[in-house]
Structure formats: C-alpha cells, structure tokens
Amino acid sequence: MKRFNGSFTQQEPIPEAGIAAAMDVLRHGRLHRYNVSPGEAGEAALLEEDFAALTGAKYCLAVASGGYAMATALRACGVGPGDAVLSNGFTLAPVPGAIASLGAKPIFVEVTEDLVIDMKDLEVKLDRAKVLLLSHMRGHLCDMDRLMALCDAAGVTVIEDCAHTMGAAWNGVPSGRHGKIGCYSTQTYKHVNSGEGGLIVSDDEAVMARMILLSGSYMLYDRHRASPPKEAFEALRFETPNISGRMDNLRAAILRPQLAILDEQAQRWNARYRAMEEGLRGTPDLYLPHRPEAERYVASSFQFLLPGWEPEEIERVVGGCVSRGVELKWFGAPDPAGFTSRYDHWRYVASDPLPQTDRVLSGLLDMRLPLTFSEEDCALIAQIIRDEVTSAKSGRAAAE
Ligand SMILES: *Cc1c(COP(=O)(O)O)cnc(C)c1O
C-alpha cells in the first residue's frame, strides 16, 4: 500500500536575503523599531511601506501578532466591553479571542459548505452589531462585493481577518482592502514567516493614528513612514492608551524579502492545491468547496467535506490516512485537537447554536499544504485520501 513520508509542518527556510538582512540587524543591534540612527528608516518602517504598496493601502502598521492586530483594529473602531461583534462561526480561536480580550461578545454567523460566511444568516443578524470581524478562514473568500453592499447599507464596519488570504484578491481587489481595516498574520504557518507577527492596513487616517498609538509608539509616531500626517495624532495622543504590541526590526528584516516573492509562492501553493483537487475530483460522497471565478486564492491549506457521513466512518478515513502518513484534521471531532477548535469549544464566549455550521463542520477535513511538498507529493496524498474515502464508505480495507 502506498505511503506518504513527508512532514505536514515543515516550512521552507527563510530566503537567503532575509537571513542576510537579519544578520545586519543583529550586528548593529538596533532591534527596537524606534532605535534608528540619523537618517535611517529602520526595517519595521520599511516593511510597513512595502506592505502598503503591495496592498495599495494608504497606511500600514506592523505589530506583534495577528491576534494583536485584530484586537487593536476592534479597539480602534471603538469596540468595548459588552459590545457585540459579528464574526464567522467557522474560524480559529484567535478571532473570538481578540473579541473576548476587549470584553466584547461575538455573535457568530453560519458558514456555508463552501466554507464562507452565509449571507442570508448575516443579513438576519446585521442589526445586532456595529462591527463585523470577517474571517477569511482557510483562505476562502465570500462574495466581497455583496458582503460590502450589505454591511455598508446596514452601517456595519467591516474588519477583515486575512491570516489566510495575504496575497489573495476578490475581483482584483486585494484581500484586506474591502473593509475599513485588514489584519494579517506573519506567524510561521501563514504566507510569510517571522515566527510571530502581524500587519494592519487601512485608508482611514484617524483609525490608523489610533492603532499606531495603541501599539505603543511612545510619541515617536513621526518615525513611521506608511502613516497618517502628524496632525492626525494631535487629537488622539493623550487619550489613547499604550497597549504595547510593536513589531521589531529583526522580524521585519526577515519578512521584507518574503513579501517580494509572495506572488511566486502563491503560484506554487496553488499548483499544489490543483494537484490535490485533480486527484480527488469525482470521488463519490466527497465534496470539494467551490472556488468562484472572482476569487484569487493562495491555497496554503486544503479542505474537503464528507457530507452526511457518520462519525465512525470519518474516523475510519482519518485513521486510515494517518496510518499511511497523511495527517487530516477533522473539525467534527468531539474535542479540539491542535487548531481544530469549534465555536462550541470556546466556552469564554457564549453562542447560540449554529445548526448549519454544525452540519458543515461535522464533515469537514482539513490539511496544510506546506511548500516543502512537491506536486507529486500532493498527487500521492490525494490518491491515499481517495482510497481511504472509497474503502471507508464500503467498509472494506483500502485496496493494495
Ligand atoms: C493564525 C490566525 C490568526 C492570527 O494568529 P496569530 O497566531 O495571532 O498571528 C487569525 N485568524 C486566523 C483564522 C488564523 O488562522
């Protein structure tokens, strides 16, 4: 029986240009973003400038993590204790965590079997909150034009969680540029890797000034480059608390060369995704999420559904795959394992039941697609999954 021997958690090395830039920072020792010599911009300020240019945003701020980015964005939009924030029922724990960190309460919206927010359920719930923290979970983009039309009409501010959509776009508009604020993560498992880190973009002058002050600018905000003019800070500088969460020059140095090759990496990810899709297309009782024409995705992970399957049957698939080296994460498991937690596991935030999301997640399987996999590896992984899915349904052992 064929077996896969690769690692689902092994990243590619940092590009040599990033290693060289990091060594420069280590040698001069000015790691703090505001510790610059006369005339020097500093890597963090340059990274912000690079990322603003890449996304077409007026302003950008580099921070300590994606979770910090979201909490800061919410705070800058005036979300406080007791406020309701709309969000997807299918997302990762840092999203409800960011809401909970402000003492706010999420109102979760149902997800569709294409793994995007359900517009009908959103419409019903829109009048219950002033802000939507929209998570593009696992890189699936909803119809952003429709979503923005709905939210604009209802006066709901949209903050985008682009942890899985850095480099993606909807109808040519970069992900993170539809809403008022776009938040990204540069944590190891995302599209660029600095271990930990986050980026925030916005065109809103006051909101960005507030976020820069919140991140802990020690009144040195004039050392930023992709930032609003000095006057934008005047009215805010004495009223905005310092909740330190800056990015340092070392991480920024590692990231800049990775941004330069983001497009290239996206194509490599997508080639792997297509190899998986091709290998699984037409498998009976297996659903592949639809990827609309308008969506430009960056597929750093792969999902498929086994709709209506019994838990024991899915466990058989997961077990069969694991024994052949393929690690699938199942979102329907009764207890969270690794990153597969569900809204009903987040006991710090109460939620009404989401029957449709429950149904979708009960059949949802997920895996990473690290760039250390080749397209041949992906074809083999797809073949193993196909075998195991086919045999689990028929109750036989997988074919030799
Ligand atoms: C990783 C992730 C984040 C941000 O995570 P950090 O670890 O705080 O950088 C946000 N949303 C989703 C969906 C994520 O997967």
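# Exercises on a predicted model

The side chains of S300 and H191 form a polar contact of 2.8 Å. The model is predicted. The exercises below start from this pair.

**Exercise 1. Place S300 in the fold, decide whether it is buried or exposed, and list what it touches.**

Solution.
- Step 1: location. S300 sits in the loop that links β10 (295-296) to β11 (301-305).
- Step 2: accessibility. Its relative accessible area is 15%. The cut-off for buried is under 20%. S300 is therefore buried.
- Step 3: surroundings. Leaving out residues up to four places away in sequence, S300 touches H191, W269, R368 and L369. H191 is also its side-chain polar partner, at 2.8 Å.

**Exercise 2. Find the loop that holds R324, and name the residue whose side chain pairs with R324 in a polar contact.**

Solution.
- Step 1: location. R324 lies in the loop between α11 (311-322) and β12 (329-330).
- Step 2: accessibility. With a relative accessible area of 4%, R324 counts as buried.
- Step 3: partner. The side chain of R324 meets that of E388 in a polar contact of 2.9 Å.

**Exercise 3. Characterise A62: which strand holds it, and which residues does it touch?**

Solution.
- Step 1: location. A62 belongs to strand β1 (residues 59-63).
- Step 2: accessibility. A relative accessibility of 1% makes A62 buried.
- Step 3: contacts. Setting aside residues up to four places away in sequence, A62 touches R33, L47, E48, G198, L199, R246 and M247.
- Step 4: a long-range distance. A62 and R347 are 285 residues apart along the chain, and 30 Å separate their C-alpha atoms.

**Exercise 4. Describe the ligand site: how many residues surround the ligand, and which are the closest?**

Solution.
- Step 1: count. The ligand is surrounded by 16 residues. The closest are G67, D161, H164, S185 and K190.
- Step 2: backbone pair. A polar backbone atom of G67 is 2.8 Å from a ligand oxygen atom.
- Step 3: side-chain pairs. In D161, a side-chain N or O atom lies 2.8 Å from a nitrogen atom of the ligand. In S185, a side-chain N or O atom lies 2.7 Å from an oxygen atom of the ligand.
- Step 4: burial. The ligand taken alone exposes 380 Å², and the protein buries 91% of that.

**Exercise 5. State the domain assignment and how many residues each domain gives to the contact.**

Solution.
- Step 1: bounds. The assignment gives domain 1 (16-260) and domain 2 (262-399).
- Step 2: separation. Taken over C-alpha atoms, the domain centres are 28 Å apart.
- Step 3: contact. Domain 1 supplies 39 residues and domain 2 supplies 35 residues.

**Exercise 6. Which residues of the largest nonpolar core touch the most other members, and which helix gives the largest share?**

Solution.
- Step 1: background. In soluble globular proteins, nonpolar side chains tend to be buried together.
- Step 2: hubs. The largest core has 61 residues. L122, L132, L147, M276, F304 and I385 touch the most other members.
- Step 3: main contributor. Helix α13 (residues 375-394) gives the largest share, eight residues.
- Step 4: span. Domain 1 (16-260) and domain 2 (262-399) each give this core at least three residues.
- Step 5: one hub up close. Neighbours within four places in sequence aside, L132 contacts L86, S87, I117, L122, L147, C151, V156, T157, V158 and I159. Among these, L122 and L147 are also listed as hubs.
- Step 6: a second core. A separate core of 34 residues includes V95, V131, M211 and L236.

Terms used: Residues are numbered from 1 along each chain as its sequence is written. This is a predicted model: local features need pLDDT of at least 70, side-chain atom pairs count only at pLDDT 80 or more; totals for chains, interfaces and linings use all residues. Side-chain values use heavy atoms; hydrogens and water are left out. A nonpolar core is a set of buried Ala, Val, Leu, Ile, Met, Phe, Trp, Tyr and Cys residues joined through side-chain atoms within 4.5 Å. Buried means under 20% relative accessible area, exposed over 50%, partly exposed in between (1.4 Å probe, protein chains only). Helices (H or I, at least four residues) and strands (E, at least two) are DSSP runs, numbered from the N terminus. Domain bounds come from an automatic or database domain assignment. Contact means heavy atoms within 4.5 Å. A residue is near a molecule or strand if one of its heavy atoms lies within 4 Å of it. A polar contact is a pair of N or O atoms within 3.5 Å; within protein, one must be able to donate a hydrogen and the other to accept it, and residues adjacent in sequence count only if both atoms are side-chain atoms. Accessible areas come from the Shrake-Rupley method with a 1.4 Å probe; for residues, only the protein chains shown count as cover.
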